[in-house]
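Please open the model in your viewer and keep the selection tool at hand. The stops below say what to select next and what is to be found there.

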Amino acid sequence: MALAESKGLILFTRNHKEHDMLVKIFTESAGKQMFYVKGIHRKNHPLKSAVQPFTEAIYIGTFKTENLSFLNSAKAIHPFSNIQQDIFMSAYATYLLNLADAAIEDRIYDPNLYHFLREALFLIDQGYDAEIITNIFEIQILQRFGVIFNWQQCAVCGQANHQYYFSHKYHGLLCEKHVILDTKHYPTSPKIMYLVGQLANVHYEQLNHLSFKPQTKQELRKFIDFLYEEYVGIHLKSKKFIDQMKNWQDILEPNH
Ligand SMILES: [Zn+2]
(Lines give C-alpha, C1' and ligand atoms only; values in the text may rest on other atoms or scores of the structure.)
Protein backbone atom coordinates (compact mmCIF):
# COMPACT_ATOMS: atom_id res chain seq x y z
CA MET A 1 0.00 0.00 0.00
CA ALA A 2 1.32 3.44 -0.94
CA LEU A 3 2.40 5.92 1.69
CA ALA A 4 0.06 8.80 2.38
CA GLU A 5 0.60 12.02 4.29
CA SER A 6 -1.72 14.41 6.03
CA LYS A 7 -1.75 17.10 8.62
CA GLY A 8 -3.08 15.71 11.85
CA LEU A 9 -3.83 16.41 15.50
CA ILE A 10 -3.07 13.88 18.21
CA LEU A 11 -6.37 12.86 19.83
CA PHE A 12 -4.92 10.44 22.37
CA THR A 13 -2.28 7.76 22.80
CA ARG A 14 -2.37 4.41 24.52
CA ASN A 15 0.58 2.19 25.32
CA HIS A 16 0.50 -1.19 23.71
CA LYS A 17 2.69 -4.11 24.81
CA GLU A 18 6.04 -3.10 26.20
CA HIS A 19 7.45 -0.92 23.45
CA ASP A 20 4.60 0.01 21.15
CA MET A 21 1.83 2.56 21.13
CA LEU A 22 -1.59 3.12 19.62
CA VAL A 23 -1.99 6.71 18.55
CA LYS A 24 -5.31 8.13 17.48
CA ILE A 25 -4.88 11.04 15.10
CA PHE A 26 -7.49 13.31 13.57
CA THR A 27 -6.06 13.68 10.07
CA GLU A 28 -7.14 16.50 7.84
CA SER A 29 -7.43 14.35 4.72
CA ALA A 30 -8.58 10.96 6.02
CA GLY A 31 -10.55 11.66 9.20
CA LYS A 32 -9.77 10.01 12.52
CA GLN A 33 -7.44 7.05 12.28
CA MET A 34 -5.85 4.72 14.81
CA PHE A 35 -2.14 4.26 14.10
CA TYR A 36 0.19 1.58 15.35
CA VAL A 37 3.63 2.87 16.23
CA LYS A 38 6.28 0.27 16.85
CA GLY A 39 9.07 0.68 19.37
CA ILE A 40 8.08 4.19 20.43
CA HIS A 41 9.45 3.71 23.94
CA ARG A 42 12.96 2.95 22.71
CA LYS A 43 15.50 5.72 23.14
CA ASN A 44 15.72 8.31 20.34
CA HIS A 45 12.71 7.01 18.47
CA PRO A 46 12.23 9.56 15.63
CA LEU A 47 8.46 9.83 16.22
CA LYS A 48 8.68 10.61 19.92
CA SER A 49 7.92 14.32 19.72
CA ALA A 50 5.33 13.82 16.98
CA VAL A 51 3.11 11.63 19.17
CA GLN A 52 3.10 13.83 22.28
CA PRO A 53 -0.35 14.94 23.43
CA PHE A 54 -1.39 18.36 22.04
CA THR A 55 0.68 18.23 18.87
CA GLU A 56 -0.02 18.95 15.26
CA ALA A 57 2.21 17.59 12.51
CA ILE A 58 2.23 16.22 9.02
CA TYR A 59 2.02 12.49 9.52
CA ILE A 60 3.30 10.07 6.92
CA GLY A 61 2.34 6.43 6.85
CA THR A 62 -0.04 3.81 5.54
CA PHE A 63 -3.63 5.02 6.02
CA LYS A 64 -5.92 1.99 6.04
CA THR A 65 -9.62 2.03 5.29
CA GLU A 66 -10.09 -0.62 7.96
CA ASN A 67 -8.11 -1.90 10.93
CA LEU A 68 -4.99 -0.12 12.10
CA SER A 69 -2.98 2.38 10.11
CA PHE A 70 0.80 2.61 10.41
CA LEU A 71 2.92 5.65 11.09
CA ASN A 72 6.31 5.90 9.40
CA SER A 73 7.46 9.43 9.97
CA ALA A 74 6.37 13.00 10.65
CA LYS A 75 7.44 16.50 9.72
CA ALA A 76 6.48 20.12 10.49
CA ILE A 77 5.87 19.12 14.10
CA HIS A 78 4.07 21.82 16.07
CA PRO A 79 3.65 21.22 19.79
CA PHE A 80 1.05 23.34 21.59
CA SER A 81 3.68 24.05 24.23
CA ASN A 82 1.62 26.17 26.59
CA ILE A 83 -1.19 23.63 26.65
CA GLN A 84 1.32 20.85 27.26
CA GLN A 85 2.61 22.65 30.35
CA ASP A 86 -0.57 23.99 31.88
CA ILE A 87 -3.05 21.80 33.69
CA PHE A 88 -5.99 24.19 33.15
CA MET A 89 -5.36 24.64 29.45
CA SER A 90 -4.74 20.95 28.93
CA ALA A 91 -7.98 20.04 30.71
CA TYR A 92 -10.01 22.15 28.28
CA ALA A 93 -7.97 21.04 25.26
CA THR A 94 -8.45 17.37 26.21
CA TYR A 95 -12.19 17.89 26.46
CA LEU A 96 -12.32 19.48 22.98
CA LEU A 97 -10.28 16.62 21.51
CA ASN A 98 -12.64 14.12 23.18
CA LEU A 99 -15.70 15.97 21.87
CA ALA A 100 -14.35 15.94 18.32
CA ASP A 101 -13.59 12.24 18.71
CA ALA A 102 -17.12 11.51 19.94
CA ALA A 103 -18.92 13.68 17.39
CA ILE A 104 -18.03 11.88 14.17
CA GLU A 105 -17.25 8.32 13.11
CA ASP A 106 -13.68 7.29 12.38
CA ARG A 107 -12.33 7.82 8.84
CA ILE A 108 -14.98 10.40 7.96
CA TYR A 109 -13.44 13.20 5.94
CA ASP A 110 -14.29 16.37 7.84
CA PRO A 111 -11.75 19.14 7.17
CA ASN A 112 -14.12 21.78 8.60
CA LEU A 113 -14.20 20.10 11.97
CA TYR A 114 -10.45 19.57 11.76
CA HIS A 115 -9.84 23.29 11.25
CA PHE A 116 -12.35 24.27 13.87
CA LEU A 117 -10.60 22.05 16.44
CA ARG A 118 -7.18 23.26 15.37
CA GLU A 119 -8.16 26.91 15.73
CA ALA A 120 -9.61 26.28 19.17
CA LEU A 121 -6.35 24.67 20.29
CA PHE A 122 -4.27 27.51 18.84
CA LEU A 123 -6.36 30.10 20.71
CA ILE A 124 -6.19 28.25 24.02
CA ASP A 125 -2.44 27.88 23.52
CA GLN A 126 -2.17 31.62 22.92
CA GLY A 127 -3.90 32.35 26.20
CA TYR A 128 -7.43 33.16 25.07
CA ASP A 129 -10.09 32.35 27.65
CA ALA A 130 -10.32 28.56 27.47
CA GLU A 131 -13.83 28.54 28.94
CA ILE A 132 -15.19 30.80 26.20
CA ILE A 133 -13.32 28.94 23.45
CA THR A 134 -14.81 25.73 24.86
CA ASN A 135 -18.35 27.15 25.03
CA ILE A 136 -18.19 28.20 21.38
CA PHE A 137 -16.86 24.77 20.44
CA GLU A 138 -19.59 22.97 22.40
CA ILE A 139 -22.38 25.04 20.87
CA GLN A 140 -21.12 24.81 17.31
CA ILE A 141 -20.24 21.11 17.36
CA LEU A 142 -23.82 20.23 18.42
CA GLN A 143 -24.81 19.83 14.77
CA ARG A 144 -22.20 17.05 14.35
CA PHE A 145 -24.17 15.19 17.01
CA GLY A 146 -27.29 15.78 14.91
CA VAL A 147 -28.63 18.46 17.25
CA ILE A 148 -29.72 21.55 15.35
CA PHE A 149 -31.42 24.64 16.71
CA ASN A 150 -32.42 27.92 15.21
CA TRP A 151 -30.89 30.37 17.65
CA GLN A 152 -32.14 33.38 15.74
CA GLN A 153 -35.93 33.18 15.85
CA CYS A 154 -38.98 32.10 17.80
CA ALA A 155 -39.97 28.48 17.03
CA VAL A 156 -43.67 29.45 16.91
CA CYS A 157 -43.91 32.77 15.08
CA GLY A 158 -40.47 33.01 13.51
CA GLN A 159 -40.01 36.48 14.86
CA ALA A 160 -36.45 37.60 15.39
CA ASN A 161 -35.85 39.77 18.41
CA HIS A 162 -33.56 39.71 21.38
CA GLN A 163 -35.96 38.45 24.02
CA TYR A 164 -35.87 34.68 23.94
CA TYR A 165 -36.43 31.74 26.21
CA PHE A 166 -35.42 28.15 25.50
CA SER A 167 -38.11 25.54 25.23
CA HIS A 168 -37.44 21.82 25.16
CA LYS A 169 -41.05 21.25 24.11
CA TYR A 170 -40.68 23.47 21.03
CA HIS A 171 -37.08 22.41 20.38
CA GLY A 172 -35.81 25.95 20.28
CA LEU A 173 -36.46 29.52 21.23
CA LEU A 174 -39.71 31.17 22.20
CA CYS A 175 -40.30 34.91 22.07
CA GLU A 176 -41.84 36.87 24.94
CA LYS A 177 -45.29 36.47 23.45
CA HIS A 178 -45.08 32.69 23.00
CA VAL A 179 -43.14 31.73 26.08
CA ILE A 180 -46.50 31.15 27.84
CA LEU A 181 -47.01 28.10 25.58
CA ASP A 182 -44.38 26.25 27.58
CA THR A 183 -44.66 26.72 31.31
CA LYS A 184 -41.61 24.50 31.75
CA HIS A 185 -39.30 26.56 29.54
CA TYR A 186 -35.65 26.61 30.57
CA PRO A 187 -35.22 29.08 33.44
CA THR A 188 -32.58 31.39 32.08
CA SER A 189 -32.41 35.04 31.19
CA PRO A 190 -33.02 36.20 27.60
CA LYS A 191 -29.54 37.74 27.81
CA ILE A 192 -27.96 34.28 27.94
CA MET A 193 -30.08 33.03 25.05
CA TYR A 194 -29.01 36.02 22.99
CA LEU A 195 -25.39 35.28 23.84
CA VAL A 196 -25.77 31.63 22.81
CA GLY A 197 -27.11 32.84 19.45
CA GLN A 198 -24.03 35.00 19.05
CA LEU A 199 -21.64 32.21 20.00
CA ALA A 200 -23.37 29.80 17.62
CA ASN A 201 -22.39 32.01 14.71
CA VAL A 202 -19.07 33.52 15.66
CA HIS A 203 -15.92 32.52 13.78
CA TYR A 204 -12.83 32.03 15.87
CA GLU A 205 -10.89 34.43 13.67
CA GLN A 206 -13.35 37.20 14.62
CA LEU A 207 -12.57 36.76 18.28
CA ASN A 208 -10.73 39.40 20.14
CA HIS A 209 -10.01 38.76 23.74
CA LEU A 210 -13.61 38.22 24.80
CA SER A 211 -14.41 38.26 28.46
CA PHE A 212 -17.61 37.51 30.29
CA LYS A 213 -18.64 38.23 33.84
CA PRO A 214 -18.34 35.23 36.17
CA GLN A 215 -22.13 35.06 36.55
CA THR A 216 -22.63 35.04 32.77
CA LYS A 217 -20.04 32.27 32.46
CA GLN A 218 -21.81 30.28 35.12
CA GLU A 219 -25.25 30.63 33.49
CA LEU A 220 -23.80 29.76 30.10
CA ARG A 221 -22.06 26.68 31.55
CA LYS A 222 -25.32 25.54 33.14
CA PHE A 223 -27.30 26.00 29.94
CA ILE A 224 -24.76 24.15 27.78
CA ASP A 225 -24.66 21.32 30.34
CA PHE A 226 -28.44 21.16 30.09
CA LEU A 227 -28.25 20.93 26.27
CA TYR A 228 -25.66 18.15 26.39
CA GLU A 229 -27.62 16.25 29.00
CA GLU A 230 -30.93 16.53 27.13
CA TYR A 231 -29.81 16.20 23.52
CA VAL A 232 -26.34 14.63 23.33
CA GLY A 233 -26.17 12.34 26.34
CA ILE A 234 -22.45 11.71 26.43
CA HIS A 235 -20.52 11.83 29.68
CA LEU A 236 -16.84 12.43 29.10
CA LYS A 237 -14.34 12.00 31.91
CA SER A 238 -12.49 15.07 30.70
CA LYS A 239 -15.64 17.16 31.20
CA LYS A 240 -16.11 15.80 34.69
CA PHE A 241 -12.51 16.71 35.41
CA ILE A 242 -13.15 20.32 34.30
CA ASP A 243 -16.16 20.53 36.61
CA GLN A 244 -14.10 19.29 39.54
CA MET A 245 -11.19 21.51 38.57
CA LYS A 246 -13.39 24.58 38.66
CA ASN A 247 -14.00 23.96 42.33
CA TRP A 248 -10.34 24.00 43.29
CA GLN A 249 -9.50 26.66 40.70
CA ASP A 250 -11.80 29.03 42.58
CA ILE A 251 -9.90 28.29 45.76
CA LEU A 252 -6.50 28.79 44.11
CA GLU A 253 -7.46 31.92 42.18
CA PRO A 254 -10.18 33.71 44.12
CA ASN A 255 -10.34 36.53 41.56
CA HIS A 256 -10.91 34.24 38.62
ZN1 LIG B 1 -43.06 33.95 18.94
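A residue is called buried if 20 or more other C-beta atoms lie within 10 Å of its own, exposed if 12 or fewer do, and partly exposed in between, with the C-beta atoms placed from the backbone. Begin by selecting Y204, which lies in the loop between α5 and α6 (214–232), where helices (H or I, at least four residues) and strands (E, at least two) are DSSP runs numbered from the N terminus. Is Y204 buried, exposed or partly exposed? Y204 counts as partly exposed because 17 C-beta neighbours lie inside 10 Å.

Before moving on, note that this is a predicted model, in which local features need pLDDT of at least 70 and side-chain atom pairs count only at pLDDT 80 or more, while totals for chains, interfaces and linings use all residues. Residues are numbered from 1 along each chain as its sequence is written.

**Around Y204**

Keep Y204 selected and add E119, A120 and L123, with which Y204 is in contact once its neighbours within four places in sequence are left aside; two residues are in contact if their C-beta atoms, placed from the backbone, lie within 7 Å. Then add A57, which is 147 residues from Y204 in sequence and 21 Å from Y204 in space, C-alpha to C-alpha.

**Confidence**

Now colour the model by pLDDT, the predictor's confidence in each residue, from 0 to 100. The protein averages a pLDDT of 92, and 97% of the residues score at least 70. Among the elements, helix α1 (residues 81–85) has the highest mean pLDDT, 98, and helix α7 (residues 237–252) has the lowest, 86.

**The two domains**

Select residues 1–79 as domain 1 and residues 81–256 as domain 2, bounds that come from an automatic or database domain assignment. The centres of the two domains, taken over C-alpha atoms, are separated by 30 Å. Where they meet, 14 residues of domain 1 are in contact with 18 residues of domain 2. On the domain 1 side, β1 (4–16) and β3 (31–37) each supply at least two residues, and β3 gives the most, with 3 residues. By class, this side has 7 nonpolar, 4 polar and 3 charged residues, where Ala, Val, Leu, Ile, Met, Phe, Trp, Tyr, Cys and Pro count as nonpolar, Asp, Glu, Lys and Arg as charged, and the others, Gly among them, as polar.

**Packed helices**

Next select helix α2 (residues 87–103) and helix α3 (residues 111–125), which pack at an angle of about 175° with their axes 10 Å apart; axes are lines fitted to C-alpha atoms, for helices over the stretch in contact, and angles run from 0 to 180 degrees between N-to-C directions. Therefore α2 and α3 are roughly antiparallel to each other, since angles over 145 degrees count as roughly antiparallel, under 35 as roughly parallel, 65 to 115 as roughly perpendicular and the rest as oblique. Their contact is made by M89, Y92, A93, L96 and A100 of α2 and by L113, L117, A120, L121 and I124 of α3, giving 10 nonpolar, no polar and no charged residues.

Keep α2 and add α4, whose axis is 10 Å from that of α2 at an angle of about 5°, which makes α2 roughly parallel to α4. The residues of this contact include F88 and Y95 of α2 and T134 and F137 of α4.

Finally, select helix α4 (residues 130–141) with helix α5 (residues 190–201), whose axes come within 8 Å and cross at roughly 80°, so α4 and α5 are roughly perpendicular to each other.
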